[in-house]
Amino acid sequence: MEVPHPLYSAESVRELDRRTIAALKIPSITLMKRAGRAAFAQLQARWPEVGRVQVFCGGGNNGGDGYVIAALAAQKQIPVTVYACVEPQKLSGDAQEAFRYAEREGVHIVTSLAEMDSADAHTVIVDALLGTGFSGAVREHMAHAIERINKSPAPVLAVDMPSGVESDSGAAGTAVQADITVTFIARKFGLFCGRGAALSGEVVFAGLGAPDSVYRDMPLLAQRYDGASVPRLPERPADAYKNQFGHVLVVGGDRGFGGAAMMAAESAARTGAGLVSLATRPEHLPAALTRCPEVMARPVISGQELEPLLDAPSVIAVGPGLGRDPWGEQLLARAARAQVPVVLDADALNILAGGRVLAGHRRDDWILTPHVGEAARLLGWETSEVLADPRGAAQAIQEKFSGVVILKGVGTLIAHEGGVDLVNSGNPGMASGGMGDLLTGIVAALVGQHMPLPKAAQLAVWLHGEAGNRAATDGQRGLLATDLLPWIRKLVD
């Protein structure tokens, strides 16, 4: 199993740059030229038939990287034009030196987008406008350049960060849509979370020869897990029996929402839970038994009727289809005080956020699985505030309620006492009803199989997304939650 990738802040990256220059005993312009060469090598590898390059340069070191790329293209006799969005005479330091390098190589440099040539089938655009230091709103002239880039049919290579994406959060307003982003020295958090994950395209990391010593004791924003680094379940012994692998109780399915609870229960079974029970409205029992007879479905019409069912399970998942009426409130109040780990999702989170049930309740052994809207309700924030700082939101929920928090999104965040993890897995086809219910069942099943809560969350998020990817091989639109179930079973082994 590989180790996860550390993700850094803009401030940490600046310090890593400084440490690298000192450790390698090189001028800073040399490191800039290494970055330019790394990006240009990716450009040639990705588009070997490139016939022309258009480079959009800003005024800082990101723009300097762009001038280096332009100079390298000229050396290869590839026609190249730089669109300087900051007057070259205003450049300073390494950016000024990189500009002179491009000028010496005969690069055509223009300062007006009005002179921008139309792209053809063999053009590649390089975005070197705004780097890791960007935050806030994009200035008008830069916004105009970004608009021109995005309207062009040419593919785009972004240098370090897509312009307009905040490196510490992934938040973005006006921003470049890249096909590939080549990032240097350290992986930036914003490339993998929020809008940044959607705008970065393929992310390629170039270490530029930085020695391991420069990363020592450098604070992280998160650890990024993928299929090679997520923890896995151990092999089952030959004499395995069902009681070794947990008993999951799913609580939910108010009138009209029985399918949510059934899907959570079935996904728990497909993830390897030894036993799965379902506590739901009586009218849902026939459908539950027909859909998955392996699930032990029990009718409950009140919190009092749920009480005797809480002694058997080793983990409880409450929330799918729960509703916010008194029935759901009673069931949540009982389930959340059980003496086994609990997974909360959907309306269980909304009831918790309301404060009427479980006010001030904290547990170290529960997992909360909000999406952005539910996270906002749990914190009393606006949704826009969660989107602007998803990592801060996940940490704030964890600090408020304890336990483990899975903040779902294109870069799902897992906040726990030890820090923040990030998992990129899944596809846009999974934006459909029932997907969260499956994740709840997966998480509960892994907890029932004795995985520590943070590791269960890491593996569950990856399994869920990767099952979605496998199920979407013949198309994303129209993908249903239940399409993932056969893949969950295959992947969990």
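**Exercise 1.** Find the loop that holds Ile 185, and work out whether this residue is buried or exposed.

*Solution.* Start with the location: Ile 185 sits in the loop between strand 7 and strand 8 (187-188). Helices (H or I, at least four residues) and strands (E, at least two) are DSSP runs here, numbered from the N terminus. Before going on, note that this is a predicted model, where local features need pLDDT of at least 70, side-chain atom pairs count only at pLDDT 80 or more, and totals for chains, interfaces and linings use all residues. Residues are numbered from 1 along each chain as its sequence is written, and side-chain values use heavy atoms, with hydrogens and water left out.

Next, the backbone: Ile 185 isn't a glycine, yet its phi is positive, about 70°. Last, the cover: with a relative accessible area of 1%, Ile 185 is buried (buried means under 20% relative accessible area, exposed over 50%, partly exposed in between, using a 1.4 Å probe and protein chains only).

**Exercise 2.** Do the backbone and burial check for Leu 358.

*Solution.* Look in the loop between helix 11 (347-354) and strand 16 (366-368), where Leu 358 lies. Its phi is positive too, at about 60°, although Leu 358 is not a glycine. Then take the accessibility: Leu 358 has a relative accessible area of 5%, so it counts as buried.

**Exercise 3.** Lay out the open sheet of seven strands and say which strands stand at its edges.

*Solution.* Write down the order first: 4-3-2-5-6-7-9, with parallel pairing. Two strands pair if DSSP finds at least two bridges between them. Now read off the ends: strand 4 (108-110) and strand 9 (202-206) each have a single partner strand, so one side of each has no neighbour in the sheet. From one strand to the next, the twist averages 20°.

Zoom in on one pair: strand 2 (residues 52-57) and strand 5 (residues 123-128) run parallel and share six bridges. In that pair, Gln 54 has Ile 125 of strand 5 as its bridge partner. Finally, add helix 2 (residues 28-46), which packs on the sheet and touches strand 2, strand 5, strand 6 (156-159), strand 7 (180-184) and strand 9; contact means heavy atoms within 4.5 Å. The direction of helix 2 makes about 155° with that of strand 7 (axes are lines fitted to C-alpha atoms, for helices over the stretch in contact, and angles run from 0 to 180 degrees between N-to-C directions).

**Exercise 4.** Describe the surroundings of strand 14 (residues 315-318), face by face and partner by partner.

*Solution.* Recall that in a regular strand the side chains alternate between the two faces of the sheet. For strand 14, Val 315 and Ala 317 are on one side and Ile 316 and Val 318 on the other, and all are buried, leaving both faces covered.

Then go through the partners. Strand 11 (residues 247-251) pairs with strand 14 in the parallel sense over four bridges, with Val 315 as the partner of Val 248. Strand 15 (residues 342-344) also runs parallel to strand 14, joined by three bridges, and here Val 318 is matched with Leu 344.

**Exercise 5.** Put numbers on the whole chain: how many helices and strands, and what share of residues is buried?

*Solution.* Count the elements: 17 helices and 19 strands. For burial, 58% of the 493 residues make the cut. As for extent, the C-alpha atoms fill a box of roughly 80 × 50 × 45 Å along the principal axes.
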